[in-house]
Amino acid sequence: MGKRKEESVSKSGGHKRLRQEDADKYDDEPNEAEHSHLASGSNSCSQLTSGEVGIIESIQLKNFMCHSMLGPFQFGSNVNFVVGNNGSGKSAVLTALIVGLGGKATTTNRGSSLKVFVKDGESSADVSITLRNQGRDAFKPDVYGDSIVVSQRINADGSRSYKLKSKSGTSVSCKKEELVAILDHFNIQVDNPVSVLTQEMSKHFLQSKNEGDKYKFFMKATQLEQMKDDYSYIMKTKENTSLQIEQGVERLRELKQHYVEKKERYRTIGFVNEMRNYLEELKNKMAWAVVSEAEKEIKPIQESISLEEGCTDKYVQKLNEWQVKVNEAEEKYKTIQDQLKKIHEEAQLLQPQCVSLKSELQARRRAYNEAEVLYNRFRTELRRLEKDDIQLRKRIEELKNSAEQISDPEKLERQRKITQLKEQLKVFSDQETVIGQQLQQFQQAIYEYREEHSTFKREELEVKQALDAKQRQLKELHESKTNQLKRFGQHMPALLEAVEEAFRQGRFKEKPVGPLGVYLHLKDAELTLAVEACLKSLLRAFCCDNHNDERTLQALMSRYYSPGTRPQIIVNRFRNEVYNVRCRAVYHPEFPSVLTALEIDNAVVTNCLIDMRGIETVLLIKSSCVARKVMQSNKPPKNCREAFTAEGDQVFERRYYSSENTRPRFLSKDVDVEISLLENEVENKKAQLLTSQQHLHSIENEIRQNEDYLNQHRQHQKELQNKLRRINVEIMDLENVEEHQSVDISTLVDEAQENKNKMETVKGDMQKQKVIMEELKNNLRAAEHKLEEIKDKIHQVEEVAGPVKDELNQVDSEMEKCKRHWQHYEEKQKQHLASINTQKELLASKEKKLKEKIAQAMQIYPERIEVDRTVKSLDTEMNRLREKINSEADRHGNRDEIIKEFYEAKEKYEDAESKVKNLKKFIKLLDKIMTQRYKTYQQFRRCLTLRCILYFDFLLHQRGYFGKMSFDHKNETLSITVQPGEGGKAALNDMRSLSGGHG
């Protein structure tokens with residue numbers, strides 16, 4: 001049968017029927033695997049086929065049946081024959097394959113329990129099977145690799161445990177479900193006789209006279225038996241559903257009768273009308289009694305308002321005093337700020353000079369290196385010429401001392417030609433050498449330019465990203481000048497308005513508090529960045545009293561924020577008192593904690609930050625050196641988990657993390673200073689980006705120009721190489737003449753003189769180049785000196801800015817202190833005025849309610865009734881009267897209950913009727929589907945039958961036999977008759993003739 005489509009391991013167990021072998025019990029906990037390193041010979045003569053899966057590569061047995069150690073046997077990819085004497089382990093290998101891959105003991109026909117496979121005297125037996133796992137159909141190749149090792153331990157009590165390993169020996173799983181998934185993936189069916197045919201099963205099949213057994217064998221081997229069982233299971237489920245429908249119809253009749261009874265009672269309800277007239281009169285009196293009591297409540301409120309309005313002047317006086325102090329502090333702050341701004345501007349003016357000097361320094365260094373290369377080239381050329389001069393002089397001396405000279409004109413002409421060609425060869429060779437050196441220089445220059453280009457490209461990208469971030473931050477700061485809430489995001493004001501509107505509509509049980517950063521005020525402005533580094537996203541978070549309020553707030557946030565960007569929501573029961581954290585808080589004589597460094601306007605915010613961040617255990621230390629000493633040199637203070645520095649760095653007992661931010665974003669008070677500093681940084685980044693882009697453009701031009709030069713010199717080099725090859729060929733032809741070639745001394749003398757002239761020329765060029773190189777070196781040193789001077793100036797300006805910043809921070813602290821006092825009295829005044837307004841609002845509300853009550857009373861009874869009874873006494877009498885009315889109504893039945901029972905009965909009847917109709921439709925559709933499925937099943941069974949008959953006839957024809965295979969699906973029988981060939985001498989109904997002999 002063909003391989004089935006595999007499914008994922010996680011799904012295969014949930015939607016398939018249980019395999020028969022799943023009924024076996026085994027231990028979930030794996031035993032310790034025993035690894036064997038015994039070598040064994042291969043019984044396979046076939047080659048490994050790459051890309052196959054599910055092939056059994058090897059098997060090894062230990063204490064299995066009667067064998068202490070058997071294997072490992074290595075199998076090939078195709079047909080394997082296991083041969084040996086009786087008792088050598090052939091059957092044990094096949095039995096171990098069935099049991100090792102999860103088969104039951106009864107499947108092997110060797111016993112009814114697994115414990116019979118454990119060797120006598122041993123406590124357990126081990127079976128290890130290796131399956132190939134290669135190719136595109138491999139099972140989890142990233143986990144198991146090229147092979148899967150299935151190890152099974154069978155204990156003496158009949159239990160067994162599995163261990164699935166990868167090719168490297170790593171244990172992957174101990175569950176049988178994983179083994180079942182692997183076997184399904186590889187289409188290995190150990191209980192199917194077509195896949196694994198035991199000796200007993202083959203004998204039984206060949207020798208069995210029962211045609212029903214043969215038919216069952218056919219059904220099981222083709223998996224038609226499982227399809228038939230599935231069909232029977234569905235039909236049984238259908239019968240149960242039909243029975244439920246019949247019961248539902250009976251129940252429906254009962255519900256309909258009950259519904260008719262309730263409907264009849266509903267129609268016969270009578271209404272009780274006695275005593276209602278008197279109840280209406282009491283209601284009229286009650287309405288006007290409520291009006292009288294409301295009028296009495298208004299008078300004390302009017303008196304309280306008059307008294308409070310007389311105490312307003314003292315708050316105005318205090319506010320004016322502190323406003324003067326705030327103005328003085330702001331003026332001083334602005335003066336120092338202008339001074340600091342000038343210092344920053346001076347530092348920024350030096351930055352472009354520094355960048356320019358760096359570029360100039362690089363250019364001069366490049367020019368000096370090029371001059372040095374040229375000087376070295378001249379020096380190398382001079383040495384070569386000096387060597388040639390020595391050789392020429394030596395050759396001339398040898399020729400002068402020779403006994404005779406050949407003066408044959410033909411030889412002299414040939415020698416002259418050779419000398420001339422050698423001179424050309426030397427010239428071209430020198431040119432080729434120079435061009436080769438120039439090619440190296442151009443390639444080196446291109447490489448250096450490209451390295452420099454990639455470096456500047458990365459810097460340009462970093463500058464662009466930083467510029468975009470600072471421009472966004474600058475935009476938020478400008479918007480926050482008109483609305484401070486916009487520092488927490490451009491949508492924050494709209495979100496808070498939506499929250500306020502929802503709270504007025506009663507959609508929140510408690511109004512959410514947030515963003516939390518709005519309620520925080522720092523006592524020391526120098527610690528602003530430290531606090532922001534500690535709290536991070538909590539500054540934009542909201543706090544809700546309960547989960548219903550959280551869901552409502554999430555719905556509001558979804559209007560303004562996309563998923564993943566909305567502020568955090570913290571659910572914490574609101575309390576008006578701050579937690580008592582004395583036992584777990586950190587205390588230090590010099591440094592504050594985050595809790596003590598903040599003034600928090602809302603107890604809910606304080607409790608939330610204690611719960612979420614533990615602000616009572618975090619110290620704030622301005623100096624990073626001191627922070628390291630406090631946290632790391634000695635044991636940290638009691639209850640201290642971490643500390644933050646003024647630069648935003650985070651310090652633990654054994655770790656230190658630097659902050660990515662350089663200035664605060666949410667909690668700083670002076671927005672104008674932040675905007676000014678940020679604008680300067682944006683301008684600097686723009687100038688830096690422009691300089692970087694210009695430099696990149698210059699480098700790109702240099703690269704293109706050098707590449708053009710490189711291509712031109714390569715072409716010239718090829719031409720010279722061709723000329724050199726041609727001249728060498730000519731020289732070889734002339735030198736190969738058999739006659740002795742004489743040498744012209746005068747030619748050599750001329751060549752020596754020419755070589756000497758070249759030496760003088762090269763010496764002159766070398767001296768000139770040395771002068772140029774010294775000049776470039778002096779220029780390089782001058783550029784380096786200028787760059788160092790600019791860096792020193794920048795450093796000096798930064799040192800001057802330090803004390804000014806400290807003074808600015810001190811003045812800022814004083815200004816904040818004055819503002820807090822002013823805000824304190826402003827808040828008091830606001831509270832005072834709010835109290836007056838509240839009382840006025842209460843008075844207006846009472847008067848409004850009074851008008852509403854008068855209007856309601858007039859609607860109930862238009863003419864005013866003077867009532868001398870209280871509302872309570874009237875209410876008591878009305879309740880007593882209602883009880884009498886209800887008691888009378890009980891005699892006839894409660895109207896509301898009757899109506900409720902009627903609608904409940906109606907709803908139950910209609911619901912049951914709908915369910916019965918749906919089930920009937922389902923049964924009808926199931927009948928149609930199962931009829932079609934059964935036809936398909938019969939057609940599939942017929943196809944398999946024809947296929948088996950065809951293969952059977954083909955097999956008999958190959959062996960020269962005659963026979964017949966007959967299926968009777970109605971009686972579930974299979975008859976097989978076989979007649980050997982040779983003229984039909986004997987007709988046999990015995991299939992043992994197919995097996996090659998008698999069992």
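This passage describes the overall make-up of a predicted protein model and then turns to several of its local features.

The protein contains 20 helices and 16 strands. It comprises 999 residues, of which 37% count as buried. When contacts with a separation of 6 or more are considered, 75% of them are accounted for by residues that lie 24 or more positions apart. The protein exposes about 61,600 Å², and carbon and sulfur atoms supply 49% of this area.

Within the strands, E3, which covers residues 124-133, is mostly covered, since 9 of its 10 residues are buried. Strand E3 has pairing partners that include strand E1 (residues 53-64), with which it pairs in the antiparallel sense over 7 bridges, and strand E4 (residues 147-155), to which it is joined by 9 bridges, again with the strands running antiparallel. Individual residues illustrate both pairings: Ser58 stands opposite Thr130 in E3, whereas Arg132 stands opposite Ser147 in E4.

The loop that follows E3 and leads to helix H3 (141-144) holds Lys140. Although Lys140 is not a glycine, its phi is positive, at about 45°. Lys140 counts as partly exposed because its relative accessibility is 33%, a value that lies between the limit for buried residues, under 20%, and the limit for exposed residues, over 50%.

The backbone also contains cis peptide bonds, one of which runs from Gly71 to Pro72 and has an omega near 5°. Pro72 itself lies in strand E2. Another cis peptide bond is found from Gly514 to Pro515, where omega is near -10°. In this case the proline is placed in a loop, namely the one between helix H11 (492-504) and strand E7 (520-522).

At the surface, Val79, Phe81 and Val83 make a nonpolar patch of about 370 Å². One of these residues, Val83, lies in the loop between strand E2 (67-74) and helix H2 (90-100). Val83 counts as exposed because its relative accessibility is 71%, and the cut-off for an exposed residue is over 50%.

Helix H12 presents a contrasting environment, for 8 of its 8 residues are buried, so the helix is largely enclosed by the rest of the structure. These buried residues are Thr528, Leu529, Ala530, Val531, Glu532, Ala533, Cys534 and Leu535. The elements that cover them include the strands E7, E10 (598-600), E11 (618-620) and E12 (642-644), together with the helices H14 (594-597) and H15 (603-613). In an α-helix there are 3.6 residues a turn, so residues three or four places apart point the same way.

Just after H12, the chain reaches Lys536, which takes a positive phi of about 50°, although Lys536 is a residue other than glycine. Lys536 is located in the loop between helix H12 (528-535) and strand E8 (542-544). Whereas the residues of H12 are buried, Lys536 is exposed, because its relative accessible area is 53%.

Note on methods
Residues numbered from 1 in each chain as written. Predicted model: local features only at pLDDT ≥ 70, side-chain atom pairs only at ≥ 80, totals over all residues. Heavy atoms only, no water. Helix = DSSP H or I, 4+ residues; strand = E, 2+ residues; numbered from the N terminus. Buried < 20%, exposed > 50% of the residue type's maximum accessible area, 1.4 Å probe, protein only. Contact = heavy atoms within 4.5 Å. Areas by Shrake-Rupley, 256 points an atom, 1.4 Å probe, with all protein chains shown as cover. Patch = residues over 30% accessible without salt bridge, like charges linked within 9 Å, V, L, I, M, F, W, Y side chains within 5 Å. Salt bridge = Lys/Arg side-chain N within 4 Å of Asp/Glu carboxyl O. Pairing = 2+ DSSP bridges.
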